[in-house]
Amino acid sequence: MKKNNKIWQGDRSKYPAFDEYGNPIIDLKSHKFTKLWHGPNHPGVTGNMSLELTLSGDEVVEAKTHVGYLHRGFEKLMERRLYIQCFPTCIRMCVPEADSNEYVLAASIEELGGIEIPEAASWLRTLVLEMARLQILLRTVPGQAATLSLGMGAQWGMYLRDLILDRFEELTGGRIYHMFIIPGGVRGLLPAGFKKRMEENLVEIEEFIDKIEDLIFTNAIFKKRTIGIGYIDPSWVDKYGIVGPNARAAGYNRDVRKDYPYLKYNELDFEPYVGKDSDVFTRSQVRKHELIQTVDLIRQILAQVPEKGDIRAKTPNVLHWELPKGETYQRSESSRGEYGLYVVSDGSKYPRRVNLRGPSYTHAVALLEKLLINANIADVHSIMVSLQTCPPEIER
Amino acid sequence: MKEIIQDIKKRFNCTDEIEQSKTQTYITVKKELAIALITHLRDIEGFTHLVLLTAVDWIENNQFQLTYMLNNPTKKIDIGVRVFINRETATMDSAHHLWEQMATYQRELKEMFGIDFPGSPRLNEPFILEGWDNIPPYRRDFDTLKYAQETFFPREGRETNDPAEFMKKKMYPDEEK
């Protein structure tokens, strides 16, 4: 084979050695390997999660995900609470995007209790879910470049995210946790002048999207460090349970909003953006297109959301509400992918079992451990953020 | 959906079919046939997406219910496969060879419910808890309040008040009880 003198490539044919099952033989005493803990307090780690990396030179030979730094036992605590009391607990299962939690819990209760929500409530729920997606995408899209030390876009994004949080405060009274979606409907209608202020924010966000296109997506260094890195083989999608933007970047047109339409999504005009190359760059492209799409969806929703009308269906007294015996699984599309809640009722006032299906449960454990093998130490953070891991939903 | 359910009912003696919605059905299967049924659903019927695996503790019946939620991305339907296992022995066949993330679910169930899945990779490595020496915490007989009271005893200088009494005392100190 002709030797390429231009690019230095390490000879990996003999070292590290592999056993008969294809696992690397790691002997830490040989001084050929380094054990490195990436987290839990690493400034780059998106939350309290740590990666136990074994390095050979600057390449990762083995990676293990460790969670448990944020375990609060929510699923167990909910078994001792009335359904309405589960809401403050449930929304904390994934902090950055709390509204998906509210929606799936409310939808499960309504499904088991046989309750139909009014038209206006349905529109307002759709609006809140899209606003939640917008605020998290304003963080994650430029956040991908921040993992490669291009922090400017992330700072702009944080400013714009705060504007959306202002709108949340105006609508719901809360910035991060909203408690806006309740069983049977929502808590309020749009305040006066909300649409105008939201439109002003959306215009500013569109300018921001143009700016990050120049700053990040046409940047030679960003391209060099993301194209071809963190490749997810499309055949892994079902094998590893990959969902959401990560599956769409691998060429799968899967979106819960389209495939299992809920709320008002079947009345909105949108088409999920599907990528091809399945690397870090494609995943960030998918998220950027979702940001553009979310701005458009919010405009569509605001044009149709009723200003007046009933926002809450009649429900039994929430303090004495006994749901019929049964079980259900309700899903929604969060910014990370399919986000669902499995609720079992034994006919009492308390849920028998609540279990959350968060996308990070597979993305950050089985998939990330596989993806990091042979990655360069400098790319570890970028690959992890490209999967949009959210540790609170792994350990709940 | 109906044809699939009729077919697997015949082949795998499934019982207790519950149609939760048009796209979601739950069925119960015996422990011995569960992995064969799940493999059949994955390979023949196209339920290639494992949504979740979780357990429900039915302590009054001395049983654990395992729910394998499977999704068919083409037909856009879900099947919840329920398996009831004895709570005392709490052992189930491992399905880690079917999906890569299955091992993580089984590892969590071992830790949180004490359900054993012999042969599952890294099963005994701690997943969330570290140095846990009590009964598995997600079992119904584990009392969270009692555990918190015994483990995290009240700190010095910290008192607990009944909110109604406290406000009464603060706002109307002269009033008698």
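Two helix axes whose N-to-C directions cross at an angle over 145 degrees count as roughly antiparallel. In this predicted model, the axes of helix H3 (98-113) and helix H4 (residues 119-146) of chain A cross at roughly 150 degrees and come within 9 Å. H3(A) and H4(A) are therefore roughly antiparallel to each other.

Which residues make the contact of H3(A) with H4(A)? From H3(A) come A:Asp99, A:Ser100, A:Tyr103, A:Ala106 and A:Glu110, and they meet A:Arg125, A:Val128, A:Leu129 and A:Ala132 of H4(A). By class, the residues of this contact are 5 nonpolar, 1 polar and 3 charged.

Chain A also touches chain B: 41 residues of chain A are in contact with 46 residues of chain B. In chain A, the residues that lose the most area to chain B are A:Lys76, A:Arg352 and A:Tyr361, together 19% of what that side buries. The table lists values for this interface.

| Item, chain A and chain B | Value |
|---|---|
| Buried area | about 3800 Å² |
| Share of the buried area on carbon and sulfur atoms | 49% |
| Salt bridges | 8 salt bridges |
| Polar contacts (both residues at pLDDT 80 or more) | 27 residue pairs |

One salt bridge joins B:Arg140 to A:Glu79, with the closest N and O atoms 3.2 Å apart. Several elements of chain A give two or more residues to the side that touches chain B, among them helix H1 (74-78), helix H3 (98-113), strand E8 (351-357) and helix H12 (360-371). That side of chain A has 14 nonpolar, 7 polar and 20 charged residues. Helix H3 thus appears in both parts of this report: H3(A) meets H4(A), and helix H3 of chain A gives two or more residues to the side that touches chain B.

Key. Residues are numbered from 1 along each chain as its sequence is written. Chains are lettered from A and ligands numbered from 1 in the order in which they are written. This is a predicted model: local features need pLDDT of at least 70, side-chain atom pairs count only at pLDDT 80 or more; totals for chains, interfaces and linings use all residues. Side-chain values use heavy atoms; hydrogens and water are left out. Contact means heavy atoms within 4.5 Å. Buried area is the accessible area (1.4 Å probe) that two parts lose on being put together, summed over both. A salt bridge is a side-chain nitrogen of Lys or Arg within 4 Å of a carboxyl oxygen of Asp or Glu. A polar contact is a pair of N or O atoms within 3.5 Å; within protein, one must be able to donate a hydrogen and the other to accept it, and residues adjacent in sequence count only if both atoms are side-chain atoms. Helices (H or I, at least four residues) and strands (E, at least two) are DSSP runs, numbered from the N terminus. Ala, Val, Leu, Ile, Met, Phe, Trp, Tyr, Cys and Pro count as nonpolar, Asp, Glu, Lys and Arg as charged, and the others, Gly among them, as polar. Axes are lines fitted to C-alpha atoms, for helices over the stretch in contact, and angles run from 0 to 180 degrees between N-to-C directions. Angles under 35 degrees count as roughly parallel, over 145 as roughly antiparallel, 65 to 115 as roughly perpendicular and the rest as oblique.
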